[in-house]
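Reader: I am new to reading protein models, and I would like a close look at a single part of this one. Could you choose one pocket and take me through what surrounds it?

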Amino acid sequence: MQQSVPVIIGCSLSGMAISQSLSQACIPHIMIGKAPNNLPRLGESINPEGSLELVNFFKDFSQFFYEKKLTIMAMGNYYFHCNFTKMINLKSVYLFLKLLALGNKVPRDLYHVDRRGFDQALFESVCKSSYLTHLEDIVVEVKHNPKEDSIESLSLASGEKIIPSYVFDSSNHLRIVGKALGVPLDFISTPQKVVYSHYHIDPKREEGDKNCKEWQSSTNLLRLGQENDGVNGFAWCIPLEDYISVGISMNVDDNDCSDEEILDLVAQAYARRGLDYKDIYNETSKIIALRQRYFIHERAYGKNWLLVGGAYGQIWFMSGSGVGTSLTAAVIAPKLLKNPRKYAQAYQNYMKKFLCTHSVMEWFCSSNIEEVSPEDFSEKVDQWLMTNIERVSQYPQIRGNTLGKVFSFFSQPFFKWNILKVSSFGARRHCPTYKIKKEEKVWSE
Ligand SMILES: Cc1cc2nc3c(=O)[nH]c(=O)nc-3n(C[C@H](O)[C@H](O)[C@H](O)COP(=O)(O)OP(=O)(O)OC[C@H]3O[C@@H](n4cnc5c(N)ncnc54)[C@H](O)[C@@H]3O)c2cc1C
């Protein structure tokens with residue numbers, strides 16, 4: 001029986017980030033779970049908060065981070081280019097964070113992350129800490145005291161039993177604690193089937209083929225439609241150094257194609273719009289398929305437990321928010337152990353803000369492509385940006401010092417005004433939406 005220290009369930013990015021944070025604060029803790037494997041994984045395009053935390057929190061791992069200069073998204077007859085770092089609004093929010101709250105390095109760009117390399121390197125690094133006891137095991141039972149709303153013990157597959165002082169549930173969609181405690185949850189999307197893989201660069205290609213095209217430093221999102229593309233869903237193409245990550249999320253049971261056929265349809269759909277990734281990256285890794293449904297729990301915490309990132313809630317992947325929400329939990333973890341209620345509530349408030357972005361994404365995913373008007377499209381793109389800017393401007397309230405919190409609170413009307421007024425010459429200029437002209441390619445040289 002292991003006694004009364006904080007326990008992290010899950011040994012992927014969220015769990016390891018929390019472990020690193022606790023070790024830095026000299027807090028002994030236990031992390032339970034299997035070491036990261038070498039398979040393609042999700043969570044490679046990172047939102048503003050995630051990018052900010054990556055450069056500050058994981059300074060020694062920058063070899064796994066690649067600049068994301070643009071987000072390009074195409075849907076039916078329209079597309080947009082979003083240059084986040086040139087956007088006046090986001091810049092002002094970032095500057096604000098730097099001056100008032102965090103005082104840390106503020107990244108010039110947002111990031112793509114080579115998760116396979118990063119997770120494995122991070123695992124080696126966190127395991128060196130003398131504050132961590134890593135148990136390569138699985139939690140099979142969570143004993144809860146409903147009166148106290150606290151977790152009393154965790155039973156492991158090996159038969160071992162742990163009495164935790166605090167539990168960070170980093171089990172992602174498996175929701176070990178949420179399920180065991182019966183925390184109510186809302187599903188906020190239809191059930192999805194996700195199919196994805198990595199494509200590696202053809203070894204015969206010249207060095208110069210890497211990163212020379214605009215899409216090779218962009219997150220490339222594409223809404224596909226049954227009529228034109230043979231499959232209805234939302235796809236991503238995220239370039240990393242020697243490989244790209246490609247996948248699609250679609251309604252479960254929407255078509256009978258095999259996983260391989262689905263990814264072929266995705267490749268053809270991108271190629272038709274000017275992004276022929278298979279021309280450069282044609283060595284396929286293992287194809288992975290999973291079921292997924294976006295959700296949010298009614299609450300993120302109890303007396304001695306927190307549902308971290310994807311274990312509390314998950315929203316549409318285009319938001320690139322999963323990694324960021326985990327890193328936020330990691331950064332506040334030591335403070336949370338000192339004052340659980342205050343910081344867990346702040347975390348829950350922060351997480352709930354993602355629901356606004358999710359509703360916008362839901363529109364992109366569920367609208368009938370043929371019926372979308374240019375006005376609707378531009379309005380939704382603006383909303384996407386605004387929900388991001390608003391949320392980032394409130395970030396010091398969870399992450400900053402007292403001065404940052406106070407300024408963040410009182411500056412909200414300014415940001416709201418700024419968002420409304422400046423979007424016409426700030427966000428719009430750096431995030432224009434276009435109508436596709438006849439024969440025009442969304443992704444060009
Ligand atoms: C289609 C899709 C695309 C996405 N794209 C992005 C993106 O572009 N950007 C982004 O930021 N996020 C994205 N996400 C979200 C992202 O994948 C996750 O939020 C992120 O990878 C963090 O994962 P994690 O470490 O919390 O969980 P995981 O990587 O799922 O790890 C959870 C760990 O918990 C362990 N575990 C589970 N149960 C137990 C148990 N009982 N005992 C011990 N261990 C246990 C598992 O073995 C696993 O190792 C996407 C999600 C989806 C579905």
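**A pocket between two domains**

Author: In this predicted model, the protein chain has a secondary structure of 14 helices and 23 strands. Of the 445 residues in the chain, 58% are buried, and when contacts between residues at least 6 apart in sequence are considered, 75% of them join residues at least 24 apart.

With that setting in place, we can turn to the second largest pocket, whose volume is about 440 Å³. Its lining is made up of 19 residues, and those nearest the centre of the pocket are Gly 76, Asn 228, Asp 229, Arg 273 and Glu 370. Sorted by class, the lining holds nine charged residues, seven polar residues and three nonpolar residues. Helix α6, which covers residues 226–229, supplies four residues, and this is the largest share of the lining from any element. As for where the pocket sits, domain 2 (88–108 + 367–437) and domain 3 (192–292) both contribute residues to the lining, and therefore the pocket lies between them.

A separate element to examine in the same careful way is helix α10, which runs through residues 354–366. Because each residue should add 1.5 Å, the 13 residues of helix α10 should span 18 Å, and the C-alpha atoms at its ends are indeed 18 Å apart, which agrees. The buried residues of α10 include the aromatic-named Phe 354, Trp 363 and Phe 364, and among the others are Thr 357, His 358, Val 360, Met 361 and Cys 365.

Conventions. Residues are numbered from 1 along each chain as its sequence is written. This is a predicted model: local features need pLDDT of at least 70, side-chain atom pairs count only at pLDDT 80 or more; totals for chains, interfaces and linings use all residues. Side-chain values use heavy atoms; hydrogens and water are left out. Helices (H or I, at least four residues) and strands (E, at least two) are DSSP runs, numbered from the N terminus. The expected span of a helix is 1.5 Å times one less than its number of residues. Buried means under 20% relative accessible area, exposed over 50%, partly exposed in between (1.4 Å probe, protein chains only). On a 1 Å grid over the protein atoms alone, a cavity is a set of points where a 1.4 Å probe fits but cannot get out, and a pocket is an open set with protein on both sides within 12 Å along at least five of seven lines; lining residues have an atom within 4 Å of a point. Grid points are joined across faces, edges and corners, and a volume is the space filled by probe spheres set on the points. Ala, Val, Leu, Ile, Met, Phe, Trp, Tyr, Cys and Pro count as nonpolar, Asp, Glu, Lys and Arg as charged, and the others, Gly among them, as polar. Domain bounds come from an automatic or database domain assignment. Contact means heavy atoms within 4.5 Å.
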